[in-house]
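User: Please take a close look at one part of this model, the open sheet and the helices that lie across it. I would like one connected account that I can follow with the structure in view.

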2 protein chains.
Amino acid sequence: MTEFLRVVTADQFVELLRRFPRHPSEMVGLDASLNRISAADVTSPEDLPPSARSTVDGYAVRAEDTFGASESIPALLEVTDSVEMGKMPQFSVRPGEAAPIPTGGFLPAGADAVVMVEYTNRAGGTAVEVTRPLTVRSNVLEQAEDVKAGESVIQRGRVVRPQEIGILAALGITHIRVYRRTRVAVVSTGDEIIPIEGKPAPGQIRDANAYSISALVRASGAEPIRFDIVPDQPEMLRETLSAALDQADVVALSGGSSVGARDLMVDVVGALPDAEILAHGVAIRPGKPTLLASRNEKAILGLPGHPVSALLIAQAFLNPFLRYLQGGILEKGPLGERLKAVLPTSIHSVTGLEEYVRVRLE
Amino acid sequence: MTEFLRVVTADQFVELLRRFPRHPSEMVGLDASLNRISAADVTSPEDLPPSARSTVDGYAVRAEDTFGASESIPALLEVTDSVEMGKMPQFSVRPGEAAPIPTGGFLPAGADAVVMVEYTNRAGGTAVEVTRPLTVRSNVLEQAEDVKAGESVIQRGRVVRPQEIGILAALGITHIRVYRRTRVAVVSTGDEIIPIEGKPAPGQIRDANAYSISALVRASGAEPIRFDIVPDQPEMLRETLSAALDQADVVALSGGSSVGARDLMVDVVGALPDAEILAHGVAIRPGKPTLLASRNEKAILGLPGHPVSALLIAQAFLNPFLRYLQGGILEKGPLGERLKAVLPTSIHSVTGLEEYVRVRLE
């Protein structure tokens, strides 16, 4: 019962996780790419917009024709053909001319600014008065202002967000290479565990881990596959582990927190063909019983049985591990925002253990 | 062409959005509840754990029996029955006794602390030496330490996270009442818009908005329903809008940025039976053409046609609106972390317009 365990530090544990290879990539349509991680650098094959467009309703002009224009001394220009939506104007704006243009319309050759309709008066016939001076590029979305040809649209390792999806769509790139999603087998073990629908007899507890760990897996962008509760019996554990390794990339096993149950877990995992135990425990609290093993580049991760500890350890290690396998960076601890705050009470910790403590921000 | 528009401020626009009722609630299983918003206050019907449990492998004892114990002068205790996982011990620990207990085992009556096996020596026969003193509750997870009966598990309006799912599962609460998800019809309009698979002729642009807005809708926890591109023709727009309002709670319409196209949009929306135009424009940049209308408590939201502007306005207004309809708070502007940063160049803005500008953090 007092067998010495090969315990690693939290940092060593993360280095062991890094030994597992990232998943291969796959092509997916843009709709399936949200929040996935890009497996390729994508650069733009063209300028967006491909040519200058107006950002207002008004007249496309040469800015210099409006220099010095005012309410009292307007510039008088000759109205040409109108720019139509969906067509590239086939005419030029020459000095002294103004082409009616709608918002979003492409500028005719020669024009370098657009005067808003509010600052014009139709002067009768084919003339228009411009009552404000314009500078070059006023009210114009320039060619390539959104994206330049050759510019990076998304880099390998970056999360695909709505803005990248929009740019890819605008460029006609309908599919993108992303890392495959991780399939995670979620397995709870322990003679004391019962399904959540049941009423626990004294001494039993409900299988909270199956649900919280599955939810965390989903929140990590991966796919949980939930298995039935396994009692502390070697043959049943072996069968479940084999099935889990067949179906999944990672097995998240909770329970086995007592020495007896952990020994059983280690024995069964160690006896699987081609399996290698990488760590028997991690010097963290809660979570010392955490087990890590590999088999054919698939990982078996042991989490504590106590639901609060299991989720905490999963947030600190499983979530970053899943992000990593799916193309992201591997960083220890819960991902996302990090804050400094003051604790209302002191926490005594044990030398050599890294502690994870739940707090409520106020 | 210079028709005066009823333009509202960004704050007034948000108040108009607030007029729409939140969706009704529905019961969902725990697996479907992740990231949904709770529509009910849930309190715990019981204590978790229901009784004190050990956090280590060792012996359940009365702490006072170990006072003064040391390596040189150990406390000598009589070993009783062992605690088994999954069963509530049917015996008590009396003064001078120690009960072998595994991690996670429930404490027998009488015991108030657990000594780790590392600090014990079996002294032969039924005696055990304890070589360290314990305080009351050492290595014990107390009754109700995780959750107390009557304590709030989740409050109405809060996002369901893996930790709440875990607690609900541990309590045997298999379903939770959450707000229904919003169905959003995503409709792009404009004679210049072509499907993203196509090669735009000069003057045409690809339908980026259909993809970026759908992705944003999905990222907001809602369900996008994408419609075919509608050219600037009243009858086709009317038909699409009717179909969209039948199938969805919100219609996100992009395009109509020119006065002509906007007038068409306003005319068609205004002519729908029971429709009410709430705003013709919002004093923001980009986005002045934004339209808001209601019909039988469903919203029609007009976004700019230019893809960058459309997504920006959707992030500032559509995303918070969807969070609100689905039970969250309604706050103007992109949700999430807010940062202060210094701009490398000054931005000139127009009095009376609220501006949204894309930046890259460095």
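Analyst: Two strands are said to pair if DSSP finds at least two bridges between them, and the elements themselves are DSSP runs numbered from the N terminus, helices being H or I runs of at least four residues and strands E runs of at least two. By that rule, strand 22 of chain A and strand 23 of chain A pair in the antiparallel sense over 4 bridges. This is a predicted model, in which local features need pLDDT of at least 70 and side-chain atom pairs count only at pLDDT 80 or more, while totals for chains, interfaces and linings use all residues. Residues are numbered from 1 along each chain as its sequence is written, and chains are lettered from A and ligands numbered from 1 in the order in which they are written.

The sheet to look at is an open one in chain A, made of 6 strands in the order 17-14-18-23-22-19 with mixed pairing. Its edges are strand 17 (223-226) and strand 19 of chain A, each of which pairs on one side only. From one strand to the next the twist averages 25°, where axes are lines fitted to C-alpha atoms, for helices over the stretch in contact, and angles run from 0 to 180 degrees between N-to-C directions. Strands of a sheet pair through backbone hydrogen bonds, either parallel or antiparallel.

At the strand 17 edge, strand 14 (residues 183-188) of chain A runs parallel to strand 17 of chain A and is joined to it by 4 bridges, with Arg183(A) standing opposite Glu223(A). Further along the order, 5 bridges join strand 18 of chain A to strand 23 of chain A, again in parallel, and here Ser254(A) stands opposite Leu303(A). On the antiparallel side of strand 23 of chain A, Ser294(A) stands opposite Ala299(A). The hairpin of strands 22 and 23 of chain A has 2 residues between the strands, and Asn296(A) takes a positive phi near 50° in it.

A residue counts as buried if 20 or more other C-beta atoms, placed from the backbone, lie within 10 Å of its own, as exposed if 12 or fewer do, and as partly exposed in between. Because 5 of the 6 residues of strand 23 of chain A are buried, that strand is largely enclosed by the rest of the structure.

Two helices lie across this sheet, contact between residues being taken as C-beta atoms, placed from the backbone, within 7 Å. Helix 6 (residues 307-325) of chain A lies across strands 18 and 23 of chain A, at about 145° to strand 23, whereas helix 5 of chain A lies across strands 18, 19, 22 and 23 of chain A, at about 135° to strand 19.

Within helix 5 of chain A, the buried residues are Ala261(A), Arg262(A), Met265(A), Val266(A), Val268(A) and Val269(A). They cover an arc of only 165° around the axis, which puts them on the same side of the helix; the arc is that of the directions from the helix axis to the C-beta atoms. What covers these residues includes helix 4 (234-247), strand 18 (250-254), strand 19 (275-279), strand 22 (292-295) and strand 23 (298-303) of chain A. The face turned away from that buried side carries the exposed residues Asp267(A) and Ala271(A).
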